[in-house]
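The following exercises concern the structure shown below. Each sets a task and then works through its solution step by step.

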Amino acid sequence: MNQLHPVVLVFLYGLVTALATGLGALPFLFVRTISPRVIAYANAIASGLMLGASFGLVSEGTRYGAWQTIVGANLGVVFILLTQRYLQRHDVEFGDAKDASARRMLLMIVVMTVHSFSEGVAVGASFGGGMTLAAVITIAIAVHNIPEGLAISAVMRPRGSSVAACAGWSIFSSLPQPVMAVPAFLFVEAVTPALPYGIGFAAGAMVFMVLVELLPEAFEAGQRQTVGLLVSLTVVGMVLFQTFL
Amino acid sequence: MDPTLYVLTYASFAAAASALGPLPLVGQKSVPRTMIGWANALAAGAMLGAAYVLSEIALTGDALPAAIGAVVGIGFIYGTHRASDTMDLDLNRLSDTRPEYGYQVVLVNTLHSATEGVAIGIAMASNLGFGAFVAVAIAFHNVPEATILSAVLHSRGVRLRSAAGIAVVTNVSQILLAVVVHSVVTAAPGLAPGALGFAIGALTYLVMVELLPESYKEAGPTSIALVTSITMGVLVLANGVAG
């Protein structure tokens, strides 16, 4: 590996982290029943994962700058609102799903893909600090991507997508990581000031997606205590998980 | 000022803020459902924001006891709802005149405030300045919560002035727990991570089961999500700028 050009290495490391996202689909090999209740509870778990992930992102972003992070977060909220409006005005189909279901799946993929851009920048920028830690960072990001694949699959699988499609779209959502890591690695000094905006954007988009799409549907079809337990326990698990990475 | 008095002052201020809750109802014939929804969303955003700022503190210390504390906090609220038979209680019903509904609403509000007292107390024990920040956030969120409680009480024939009094009384548990938790954790600092976790878990769970489900029905997901996320953002920003 040492003969490779650092740029190729950064790209390959980024690719490994993207592939890891696909692992998040695996638990759904074992979930066969698909009912509104399963959708509700899967939504609740995805919500917890995304809220927990946003907590981690915001705490990282505010270290660079609180104002920039919040500006980014508001842009993330506006972005979701606009995407949501756009999808509502068009008849969308996704696989076998139509309308509300298809819209939710597409929105989820868009949210998670867009949020990977800033993660990719973060990866590349941290590699800029020196390649010795690169492997450690790669493993950390790769493991951290698995719950994100789980969140995507939790939204897609109960709506009839195959496990392979869940894995495929999970990986797709992380592809911006290798793509963005390279320019970020090459131009660390140029991208670092933009980082808190990007991190805030990712967090704002995820929190808003949880509040506007995932939770309302979860409360409609699931019992509120079960939804509450799943969301809050998953948030705790996700925050803990991030601290040990 | 002596730290205990400091906690007492701030927690009392937070509880007293709920007296402002009935103000938006003065002169209104009926309360619009969307307004109740937004009041819930404001409170939810403040509580989630508080959970976030507390978790930032928790993660500078021992993460594992904090996580265990969080699970205990979630389990505690789940247990109290179960034991008091208020698991599916809609706290916003303006036309439910059953006698037991009245006491259930007041009881659940009291338990809810007690949890927030734990949050103030543990924040104060970590750092008085940070504690003051959390107390102000909770004070701010007590206002919309008191608006909802007074709307429910008012619809049952309680005068708004008395509703303001009852709203403050339900928050007395907040003062008590803030002072107790602050003193106990100061005396036994080993309990700090667990207590922090307890507050974080309980706040998050309360938002999920008491505030958000009803609010979506009252005002629709988009406005609820906006009010909640913007309130969270304001809190995160204020904490980031102050910290």
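**Exercise 1. Determine what percentage of the residues of chain A count as buried, and assess the overall dimensions of the chain.**

Step 1. In this predicted model, 58% of the 245 residues of chain A count as buried.

Step 2. The radius of gyration of chain A is 17 Å, and a compact globule of 245 residues would have one near 18 Å, so the two values agree.

Step 3. The C-alpha trace of chain A extends over about 50 × 40 × 35 Å along its principal axes.

Step 4. Among contacts in chain A with a separation of 6 or more, 88% join residues 24 or more positions apart.

**Exercise 2. State how many helices and strands chain A has, and give their order.**

Step 1. Ten helices and two strands make up the count for chain A.

Step 2. Along the sequence the order is α-α-α-β-β-α-α-α-α-α-α-α.

**Exercise 3. Decide whether A:T21 is buried or exposed, and describe its surroundings.**

Step 1. Locate the residue: A:T21 belongs to helix α1 (residues 6-21) of chain A.

Step 2. Apply the cut-off: a residue is buried if 20 or more other C-beta atoms lie within 10 Å of its own. A:T21 has 31 such atoms within 10 Å and is therefore buried.

Step 3. List the contacts. Residues up to four places away in sequence being left out, A:T21 touches A:N145, A:I146, A:E148, A:G149, A:S170, A:I171, A:S173 and A:S174.

Step 4. Consider distance along the chain: A:L150 is 129 residues from A:T21, yet their C-alpha atoms are separated by 7.9 Å.

**Exercise 4. Identify the residues with the most contacts inside the largest nonpolar core, and the helix that gives the most to this core.**

Step 1. The largest nonpolar core has 170 residues, and those with the most contacts inside it are A:M209, B:A50, B:L54, B:A119, B:I122 and B:A199.

Step 2. Helix α9 (residues 195-221) of chain A gives the most to this core, contributing 18 residues.

Step 3. Take B:L54 as an example. Beyond its neighbours within four places in sequence, B:L54 contacts B:A119, B:A123, B:L196, B:A199 and B:I200.

**Exercise 5. Characterise the side of chain B that touches chain A.**

Step 1. Contacts link 32 residues of chain B with 30 residues of chain A.

Step 2. On chain B, the elements giving two or more residues to this side are α2 (33-58), α3 (63-83), α8 (192-219) and α9 (221-242).

Step 3. The largest share, twelve residues, is that of α9(B).

Step 4. By residue class, this side of chain B comprises 22 nonpolar, eight polar and two charged residues.

Definitions and conventions: Residues numbered from 1 in each chain as written. Chains lettered and ligands numbered in written order. Predicted model: local features only at pLDDT ≥ 70, side-chain atom pairs only at ≥ 80, totals over all residues. Contact = placed C-beta atoms within 7 Å. Helix = DSSP H or I, 4+ residues; strand = E, 2+ residues; numbered from the N terminus. Nonpolar A, V, L, I, M, F, W, Y, C, P; charged D, E, K, R; others polar. Rg over C-alpha atoms; globule rule 2.2 N^0.38 Å. Buried ≥ 20, exposed ≤ 12 C-beta atoms within 10 Å, placed from the backbone. Core = buried A, V, L, I, M, F, W, Y, C linked by C-beta atoms within 7 Å.
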